[in-house]
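Reader: Hi! Could you walk me through this one? I'd like to hear about the strands and any empty space inside.

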Amino acid sequence: MASRKVIVFGPTGAVGSATARTAAELEATVVLAMRDPSKPIHGLDAEAEKQGKFERVQADLTKPDTVRDAVTTTGAKHAFIYLAHGAPDHMKATIEALKAGGIELVVFLSSFTCQGDLAAIPPNDIIPYMHAQVEIVLQEVFGADQFVAVRPGSFASNTVLYKVGLAKGEVKVFGPDAVVDNIVPEDIGRVCGTVLAKGPQDERRAIYLYGPELLSQMECVKILAKALGKSPKLEIADEQEALKMFVEERGMPPFLAKYMVEQSGKTAADESLVLGYPIKEEDLRNVEKYSGRKATTFEEWAEQNKQLFLS
């Protein structure tokens, strides 16, 4: 039986790379679609790419004609996409180009902040709104059964916010009791790549992905400090200090930093909230359920990524 041909847009990113490698491990032929086809891909050296079933093609999700051409010329049937900033009409023209090119299933990297009635999410809830609009367009163009929205939680890499403080020996934490799940890109990509190569595993078309356990933001800092062999002074940051950290240390635009600060401070005594959004405990096991491998713990991620905090 011939292997399925899939196309991964944005394979140079951490999630895109893991998606492409996982799909290839599952015997899919993988088209690597990127703006600059000469760029290296994390985790995939030239020799491994040569020996595997990969091919490269130039495409840009903000330019629908290049998307349609990439799909048509390669014959890919399943596509992995992400939210492309700068694409008009919530990526409608791009998604229509995927359909016109012959794509039969789309795996969309969405966000766990997309909850409830997507059409009711207000524009000022910037992260869920942007992702929800793309999901709505996907349903309009492909129908409910021909796309899967993968909705990951709070990325472990967000904790790079504390890099400067850890280096100085004094870390300020905003919302120290607020919990996060610390999902890692490799785990997200394993799930996306599995769905891309095999198709939907069940009737769910929105898959929430989280790290295996919920930790307070203060606990995260202590785990990082331990991994780095440091004993920093820990203090609580106020809103203005938090805004400054998000803008200066994470490089966020002010409007997004404001949203993150508002959400980061939300807690609830009677339910689990991640950045202010409720999560279901059973969804903490979805990485293993949909990829066949246990999710990476934050302790493991911290040990594996110490260089992020030392460089």
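Author: Happy to; we can take a strand and its partners, then a cavity and a pocket, bearing in mind that this is a predicted model.

Reader: Great. Let's start with β2: how many of its residues are buried?

Author: For β2 (residues 29-34), 6 of the 6 residues are buried, so the strand is largely enclosed by the rest of the structure.

Reader: And which residues sit on each side of it?

Author: Thr29, Val31 and Ala33 lie on one side, with Val30, Leu32 and Met34 on the other. Both faces are covered.

Reader: Nice. In what sense does β1 pair with β2?

Author: Parallel: β1 (residues 5-9) and β2 are paired over 5 bridges. Within that pairing, Phe9 is found opposite Ala33 of β2.

Reader: What does the chain pass through on its way from β1 to β2?

Author: Helix α1 (residues 14-25) makes the connection, giving a right-handed β-α-β crossover.

Reader: What about β3, how many bridges join it to β2?

Author: There are 5 bridges between β2 and β3 (residues 54-58), and these two strands run parallel. One pair to look at is Val31 with its bridge partner Glu55 in β3. A right-handed β-α-β unit is formed here too, from β2, helix α2 (residues 46-51) and β3.

Reader: Switching topic: how many cavities of 30 Å³ or more are there?

Author: The structure has 1 cavity of 30 Å³ or more. The largest cavity holds about 180 Å³ of space.

Reader: Which residues lie nearest the centre of the largest cavity?

Author: Those are Asn158, Leu161, Tyr162, Val180 and Gln217, out of 15 lining residues. Two or more lining residues come from each of α8 (217-228), α9 (239-248) and α10 (254-264).

Reader: How does the lining of the largest cavity divide by class?

Author: It has 9 nonpolar and 6 polar residues, with no charged ones.

Reader: Okay, on to pockets. How much space lies in the second largest pocket?

Author: About 290 Å³. Its lining comprises 14 residues, and Val164, Lys168, Lys172, Met245 and Glu249 are the closest to its centre.

Reader: Which element gives the largest share of the lining of that second largest pocket?

Author: That would be α9, with 4 residues. At least two residues each come from α6 (163-168), β7 (170-173) and α9.

Reader: And how many charged residues line the second largest pocket?

Author: There are 7 charged residues, alongside 6 nonpolar and 1 polar.

How values were computed. Residues are numbered from 1 along each chain as its sequence is written. This is a predicted model: local features need pLDDT of at least 70, side-chain atom pairs count only at pLDDT 80 or more; totals for chains, interfaces and linings use all residues. Side-chain values use heavy atoms; hydrogens and water are left out. On a 1 Å grid over the protein atoms alone, a cavity is a set of points where a 1.4 Å probe fits but cannot get out, and a pocket is an open set with protein on both sides within 12 Å along at least five of seven lines; lining residues have an atom within 4 Å of a point. Grid points are joined across faces, edges and corners, and a volume is the space filled by probe spheres set on the points. Ala, Val, Leu, Ile, Met, Phe, Trp, Tyr, Cys and Pro count as nonpolar, Asp, Glu, Lys and Arg as charged, and the others, Gly among them, as polar. Buried means under 20% relative accessible area, exposed over 50%, partly exposed in between (1.4 Å probe, protein chains only). Two strands pair if DSSP finds at least two bridges between them. A crossover is right-handed if, with the strands pointing away from the viewer, the path from the first strand over the helix to the second runs clockwise.
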